[in-house]
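User: Please take a close look at one part of this protein, the place where two helices pack, and set it in the context of the rest of the chain.

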Amino acid sequence: MLLQPQFTVDTDSTDTSLFESISDDISTKGYSIRPYALPEHLAQLLLEQVTELPEQQFKRAGIGRAQDHIINDFVRTDEICWITGNSVAGSAWIKWTQSLQAYLNRRLFLGLFSFESHFAHYAKGDFYKKHKDAFTGEGNRVLSVVVYLNQHWVADNGGELVIYDDKQINSGIIDDHIIKVTPSFGTMVVFLSEEFPHEVLPAKCDRYSIAGWFRLNNSIANNIDPPS
Ligand SMILES: O=C(O)CCC(=O)C(=O)O
Ligand SMILES: [Fe+2]
């Protein structure tokens with residue numbers, strides 16, 4: 001008997017080819033920029049959640065962690081809301097990032113152990129000045145992930161993510177190596193947290209995104225390479 005073709009969407013195989021491209025980009029360049037990366041249904045769920053979140057759930061984003069956490073209007077002015085698995089959208093997102101994590105660990109041996117992420121809302125004029133998400137040797141945030149939830153974004157809206165590829169500058173290329181990413185719906189950016197300074201330029205209208213970080217196991221990271 002001939003089997004009828006299946007018309008169900010095979011999300012696993014879609015993800016695998018995307019994950020493969022991301023993995024190849026990371027190993028060759030250290031960063032990956034992929035338009036239409038986030039599965040459509042997941043992007044829609046996340047957009048619904050971020051637009052329905054009550055305003056008071058968003059808090060001014062700070063810089064630094066735990067006791068070093070401070071609000072600094074000169075560095076960043078966006079508002080954030082941490083994502084938990086307590087919503088349909090949140091748990092679908094976490095599940096998807098777990099399969100990305102497993103794939104990247106298999107392919108690149110990055111030792112990614114955990115993931116944390118938040119929604120971010122940049123209102124008109126908000127920005128995040130040039131920064132790095134992790135500092136060399138701290139061995140904590142390994143890989144940064146950003147996805148955008150802005151439908152019908154046009155170039156004139158601004159709000160680009162600017163990535164500085166300093167390695168290219170050091171290797172003598174005259175033209176400063178600056179990569180600008182338009183924050184369009186479903187676009188995903190992944191980069192090595194310690195390697196790439198980046199910034200968010202002010203936008204002319206509301207800009208929604210998710211920023212997340214894969215981390216090493218902290219208890220292991222603190223004991224890596226003990227002094228001999
Ligand atoms: O929204 C973006 O494009 C990047 C955000 C960012 O750099 C961060 O939250 O650390
Ligand atoms: Fe960042």
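**A helix pair and the core**

Analyst: In this predicted model, 78% of the contacts in the protein chain between residues at least 6 apart in sequence join residues at least 24 apart. The chain has 228 residues, of which 27% count as buried, and its secondary structure comes to five helices and eleven strands.

The helix pair is H2, residues 40-52, and H3, residues 88-108. Their axes come within 9 Å and cross at roughly 140°. Angles over 145 degrees would count as roughly antiparallel; H2 and H3 are therefore oblique to each other. Their crossing is left-handed. On the H2 side the contact is made by Leu42, Leu45, Leu46, Glu48 and Gln49, and on the H3 side by Val88, Ala89, Gly90, Ala92, Trp93 and Trp96. By class, eight of these residues are nonpolar, two are polar and one is charged.

Both helices also take part in the largest nonpolar core, which has 39 residues. In soluble globular proteins, nonpolar side chains tend to be buried together. Besides H2 and H3, the elements that give two or more residues to this core are the strands S1 (31-34), S4 (114-122), S6 (141-148), S7 (161-164), S9 (188-192) and S11 (207-215). S6 gives the most, with six residues. The residues with the most contacts inside the core are Val146, Val147, Met188, Val189, Val190 and Ile210. One of them, Met188, touches Arg34, Ala37, Leu38, Val145 and Val147, leaving aside residues up to four places away in sequence.

Methods. Residues are numbered from 1 along each chain as its sequence is written. Chains are lettered from A and ligands numbered from 1 in the order in which they are written. This is a predicted model: local features need pLDDT of at least 70, side-chain atom pairs count only at pLDDT 80 or more; totals for chains, interfaces and linings use all residues. Axes are lines fitted to C-alpha atoms, for helices over the stretch in contact, and angles run from 0 to 180 degrees between N-to-C directions. Helices (H or I, at least four residues) and strands (E, at least two) are DSSP runs, numbered from the N terminus. Angles under 35 degrees count as roughly parallel, over 145 as roughly antiparallel, 65 to 115 as roughly perpendicular and the rest as oblique. A crossing is left-handed if the near helix is turned anticlockwise from the far one by less than a right angle, and right-handed if clockwise. Two residues are in contact if their C-beta atoms, placed from the backbone, lie within 7 Å. Ala, Val, Leu, Ile, Met, Phe, Trp, Tyr, Cys and Pro count as nonpolar, Asp, Glu, Lys and Arg as charged, and the others, Gly among them, as polar. A nonpolar core is a set of buried Ala, Val, Leu, Ile, Met, Phe, Trp, Tyr and Cys residues joined through C-beta atoms within 7 Å. A residue is buried if 20 or more other C-beta atoms lie within 10 Å of its own, exposed if 12 or fewer, and partly exposed in between; C-beta atoms are placed from the backbone.
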